[in-house]
Amino acid sequence: TSSKRTLRTLFRPPTLPSPVISKMSPSQEKLLAYHQGKEHQEMINQLLVDRALEVYYINMDERDERDAAPPITELPSTVRKYFFIKYYFFLKNCVQSNPMVPIQKQWLKSMLTMVPPSLMEGRDRELLTQNLLKEVVRDYEKSMERCVLRRALIKPDIKELDKLEEEAPLPLLPLGLDFSSTWHESYIKARKLITSTLHILHPTMKTLLDFGYTAFFNFLVVDFSRCRLKGPVDCRSLKTDASLSCSKAEDKIMRTWYQKVISHFTQSEAVDGVKLDQLESFYNCVSVLMSNQVKELLQRTTEVFVKLFDPEDRSRLPIFKMDLTFDENKMEFYPSIPDLEEAVLFVVDCIGQTLQNFQTVHAWLTGGTATLDAELPAHIVQWAKSTLEKSIRGNLEGPKEHFRGYVESYGWLVDGTAEERINRFMAEQPSFDEYT
């Protein structure tokens with residue numbers, strides 16, 4: 001035999017798998033035979049392609065100067081198709097194995113500078129940032145690889161290649177966004193509309209803000225700075241002082257801040273630029289601004305009073321005078337603990353009832369009766385009272401323990417126990433020796 005390798009010497013008879021014997025219906029056997037035949041045909045085609053390519057490469061290696069390599073066009077169409085597929089993947093691997101230009105670190109730093117600093121704080125945010133940067137680097141490398149591959153290699157027009165090469169589609173540009181339209185005209189139009197209808201931008205409102213800041217920034221309805229320096233106070237004095245302070249503060253605010261506001265609106269310059277059909281909304285804005293200023297003053301006064309009872313800072317804690325009384329065989333505190341709580345909470349109610357009868361500017365000018373909405377918010381009142389009740393109970397644990405000590409030590413003297421023991425002793429009529 002000749003030692004030259006040819007298709008006939010390289011091919012070996014294919015060995016097909018043994019048939020599967022099972023109990024199946026004729027239709028199932030027919031379907032199974034169809035699938036097995038299809039798989040066998042694909043396997044035979046692949047073997048033919050591999051052997052044909054091997055022969056092609058062998059012939060190219062063994063050719064001499066006189067012989068030319070067998071042209072690819074002489075190969076069968078199926079072999080030629082698979083040859084191009086394998087050759088394409090070979091070139092693709094060569095291109096992908098080349099080193100890519102890495103992303104520059106300054107690009108990543110430039111990306112991070114556009115992120116607000118508040119979103120970069122915290123350990124979890126730092127880990128999230130690192131993961132996002134890794135994703136950016138990964139997407140960059142993948143995009144560069146695909147770009148280089150498309151520029152260096154032309155993909156053959158073979159249908160089977162699309163099935164073998166799974167490649168995700170490139171990201172699409174956002175749809176439905178028209179960046180060509182201008183926004184400047186609409187912005188100017190909206191700005192003019194806001195300027196004409198948003199009354200808070202009117203110069204009069206700035207004047208009102210100045211009046212309120214000057215009158216209220218360092219002022220409280222009740223002055224609590226000397227509360228502890230007064231020494232022990234009783235509940236009645238506490239209520240009286242709070243009522244007088246609120247009344248004096250209301251008179252002072254009426255003579256200073258409110259009088260300035262009314263005087264300003266008696267001038268025609270106060271409503272310059274306001275159209276007649278917008279006067280009502282303009283004065284509503286004035287009322288809201290004045291109400292907010294009064295509410296802020298009352299809320300700040302309430303918070304300062306509650307802070308006097310801060311359990312972590314007892315240096316400003318008020319001192320209350322309480323007597324331990326004994327009357328009608330009963331020992332108790334005067335005033336009682338509920339009366340003390342009621343007196344402290346009365347101060348909160350007294351502050352909240354101050355400055356509630358100021359007329360609105362529009363009502364004062366037109367002779368109406370509408371008043372400013374200066375009522376403290378319900379959640380502020382609830383917070384203040386619950387905090388004070390909790391603080392009072394905590395600070396009265398010492399007096400309560402002192403009271404319980406008196407009751408345990410001397411309660412038997414006043415609850416009839418001692419008198420009963422004396423009567424029983426006298427009724428026994430003991431002898432002299434027993435007396436002694």
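A residue is called buried when its relative accessible area is under 20%, exposed when this area is over 50%, and partly exposed in between, using a 1.4 Å probe and protein chains only. The structure is a predicted model, in which local features need pLDDT of at least 70 and side-chain atom pairs count only at pLDDT 80 or more, while totals for chains, interfaces and linings use all residues. Residues are numbered from 1 along each chain as its sequence is written, and side-chain values use heavy atoms, with hydrogens and water left out.

**View 1. The whole protein has 16 helices and two strands.** These elements are DSSP runs numbered from the N terminus (helices are H or I, at least four residues; strands are E, at least two). Of the 436 residues in the protein, 24% are buried. About 32,400 Å² of the protein is exposed, and carbon and sulfur atoms supply 56% of this area, as computed by the Shrake-Rupley method with a 1.4 Å probe, where for residues only the protein chains shown count as cover. Among the contacts (heavy atoms within 4.5 Å) with a separation of 6 or more, 74% are accounted for by residues 24 or more positions apart.

**View 2. W257 belongs to the largest nonpolar core.** Such a core is a set of buried Ala, Val, Leu, Ile, Met, Phe, Trp, Tyr and Cys residues joined through side-chain atoms within 4.5 Å. This one holds 55 residues, and W257, F265 and F305 touch the most other members. At least two residues of the core come from each of α8, α9 (235–265), α10 (279–307), α11 (337–352) and α13 (378–395). When its neighbours within four places in sequence are left aside, W257 is in contact with F211, G212, A215, F216, M290, Q293, V294, F358 and L372. In soluble globular proteins, nonpolar side chains tend to be buried together.

**View 3. H202 sits in a loop, with D272 beside its side chain.** The loop that holds H202 runs between α7 (184–197) and α8 (203–216). H202 counts as buried because its relative accessibility is 13%. A polar atom of the H202 side chain lies 2.6 Å from the backbone oxygen of D272; a polar contact is a pair of N or O atoms within 3.5 Å, where, within protein, one must be able to donate a hydrogen and the other to accept it, and residues adjacent in sequence count only if both atoms are side-chain atoms. Apart from neighbours within four places in sequence, the residues in contact with H202 are A270, V271, D272, V274 and F282.

**View 4. A salt bridge links E342 and K239.** A salt bridge is a side-chain nitrogen of Lys or Arg within 4 Å of a carboxyl oxygen of Asp or Glu, and by this rule the count comes to 10 salt bridges. In the pair shown, the closest N and O atoms of E342 and K239 are 2.6 Å apart. E342 lies in helix α11 and K239 in helix α9, so the pair ties together parts that are 103 residues apart in sequence. Both are partly exposed, E342 with a relative accessible area of 39% and K239 with one of 25%. Side chains of opposite charge can pair when their charged atoms come close.

**View 5. E296 and R300 form a salt bridge along helix α10.** The closest N and O atoms of E296 and R300 are 3.2 Å apart. The two residues are four residues apart in the helix, about one turn. E296 is partly exposed, since its relative accessible area is 40%.

**View 6. D313 and R316 meet through their side chains in a salt bridge.** The distance from N to O is 3.7 Å. Both residues count as partly exposed, D313 at 29% relative accessibility and R316 at 36%. Elsewhere, E341, E389 and R393 are joined into one network by salt bridges that share partners.

**View 7. A nonpolar surface patch includes Y410.** The patch is made by L324, Y406, V407, Y410, W412 and L413, and covers about 540 Å²; patches consist of residues with over 30% relative accessible area and no salt bridge, with like charges joined within 9 Å and nonpolar side chains (Val, Leu, Ile, Met, Phe, Trp, Tyr) within 5 Å. Helix α14 (residues 397–414) gives the largest share, five residues. Y410 lies in this helix and is partly exposed, with a relative accessible area of 45%.

**View 8. Two backbone features appear at P335 and L355.** The peptide bond from Y334 to P335 is cis, with omega near -5°, and P335 lies in the loop between β2 (330–334) and α11. L355, although not a glycine, has a positive phi of about 60°. L355 is found in the loop between α11 and α12 (361–366), and is buried, with a relative accessible area of 1%. Most residues other than glycine have a negative phi, and most peptide bonds are trans.
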